[in-house]
Amino acid sequence: ESRPKEDALAKFPNRDMPGEDMPEEMWQADAVFVNHILNDAEKLVSRAMEAIFSDYGRGKPQPPEGYTQRIQMFKMERVDLATQTTPPEDYVPRTGQRSKGGWTTTKSFDGLVRRLL
């Protein structure tokens with residue numbers, strides 16, 4: 001079967017199609033296929049993180065305190081900008097320690113999840 005010629009996502013704002021509107025023949029609607037992609041993606045992220053740990057001298061094996069430092073390297077905070085208008089204190093330039101991985105807003109993180117899936 002050939003690929004469809006029409007752009008199924010064109011009628012949706014930001015090409016963000018709700019799941020209930022998704023035709024069954026789209027790969028995104030195939031739960032088994034999507035789960036395989038997610039499993040492979042998780043393994044890829046783990047390998048990338050391990051490579052970064054190694055570059056920073058935190059490769060395996062590590063003593064217990066080394067694993068704590070590894071966790072902090074990728075720690076991320078989600079901030080709700082409805083209640084907080086500035087970055088978390090640890091991320092403020094010149095005053096924060098900046099030893100954590102990063103921060104994002106809840107809205108931005110949710111949008112990223114939708115686009116990745």
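Biologist: What is the relative accessible area of tryptophan 27, and is the residue buried, partly exposed or exposed?

Modeller: This model is predicted, and the values below are computed from it. Buried residues fall under 20% and exposed ones over 50%. Tryptophan 27 lies between these limits and therefore counts as partly exposed, its relative accessible area being 43%.

Biologist: Which residue forms an aromatic pair with tryptophan 27, and what is the geometry of the pair?

Modeller: A search of the whole structure returns one aromatic pair. Its ring centres are 5.9 Å apart, and the angle between the planes is 75 degrees. Planes over 60 degrees apart are classed as edge-to-face. Tryptophan 27 therefore has an edge-to-face partner, because 75 degrees exceeds that limit; the partner is phenylalanine 33.

Biologist: Where does phenylalanine 33 lie, and in which helix?

Modeller: Phenylalanine 33 has a relative accessible area of 40%, so the residue is partly exposed. Its place in the chain is within residues 31-55, which form helix α1.

Biologist: How much accessible area does the nonpolar patch on the surface have?

Modeller: Membership of a patch requires over 30% relative accessible area. Tryptophan 27 at 43% and phenylalanine 33 at 40% both pass that limit. Together with Ile37 they form the nonpolar patch, whose accessible area is about 290 Å².

Biologist: How many salt bridges does a search of the whole structure find?

Modeller: One joins arginine 15 to aspartate 7, with 2.7 Å between the closest N and O atoms. Another joins aspartate 16 to arginine 114 at 2.8 Å, and glutamate 50 meets arginine 70 in a further one. For the whole structure, the search gives three.

Biologist: How many residues apart are aspartate 16 and arginine 114?

Modeller: The closest N and O atoms of this salt bridge are 2.8 Å apart. The pair nevertheless links distant parts of the chain: aspartate 16 belongs to the segment before α1, arginine 114 to helix α3 (residues 106-116), and their separation is 98 residues.

Biologist: Is arginine 114 buried, partly exposed or exposed?

Modeller: Its salt-bridge partner, aspartate 16, has a relative accessible area of 28% and is partly exposed. Arginine 114 stands at 45% relative accessibility, and so it is classed as partly exposed.

Biologist: Which helix holds arginine 70, and which holds glutamate 50?

Modeller: The two side chains form a salt bridge with an N to O distance of 2.7 Å. They are 20 residues apart and lie in distant parts of the chain: arginine 70 is in helix α2, and glutamate 50 is in helix α1.

Biologist: Is arginine 70 buried or exposed, and what is its relative accessible area?

Modeller: Beyond its neighbours within four places in sequence, arginine 70 is in contact with Glu50, Phe53, Arg58, Gly59, Lys60 and Gln62. Buried means under 20%. Arginine 70 is therefore buried, with a relative accessible area of 7%.

Biologist: What distance separates the C-alpha atoms of threonine 105 and aspartate 80?

Modeller: Threonine 105 belongs to strand β2 (residues 102-105) and is buried, with a relative accessible area of 16%. Leaving aside neighbours within four places in sequence, threonine 105 is in contact with Val79 and Leu81. Aspartate 80 is 25 residues away along the chain, yet the C-alpha separation is 5.7 Å.

How values were computed
Residues are numbered from 1 along each chain as its sequence is written. This is a predicted model: local features need pLDDT of at least 70, side-chain atom pairs count only at pLDDT 80 or more; totals for chains, interfaces and linings use all residues. Side-chain values use heavy atoms; hydrogens and water are left out. Patches are made of residues with over 30% relative accessible area and no salt bridge: like charges are joined within 9 Å, nonpolar side chains (Val, Leu, Ile, Met, Phe, Trp, Tyr) within 5 Å. Accessible areas come from the Shrake-Rupley method with a 1.4 Å probe; for residues, only the protein chains shown count as cover. A salt bridge is a side-chain nitrogen of Lys or Arg within 4 Å of a carboxyl oxygen of Asp or Glu. Helices (H or I, at least four residues) and strands (E, at least two) are DSSP runs, numbered from the N terminus. Buried means under 20% relative accessible area, exposed over 50%, partly exposed in between (1.4 Å probe, protein chains only). Contact means heavy atoms within 4.5 Å. Rings of Phe, Tyr and Trp (its six-membered ring) pair if their centres lie within 6.5 Å; planes under 30 degrees apart count as stacked, over 60 as edge-to-face and the rest as tilted.
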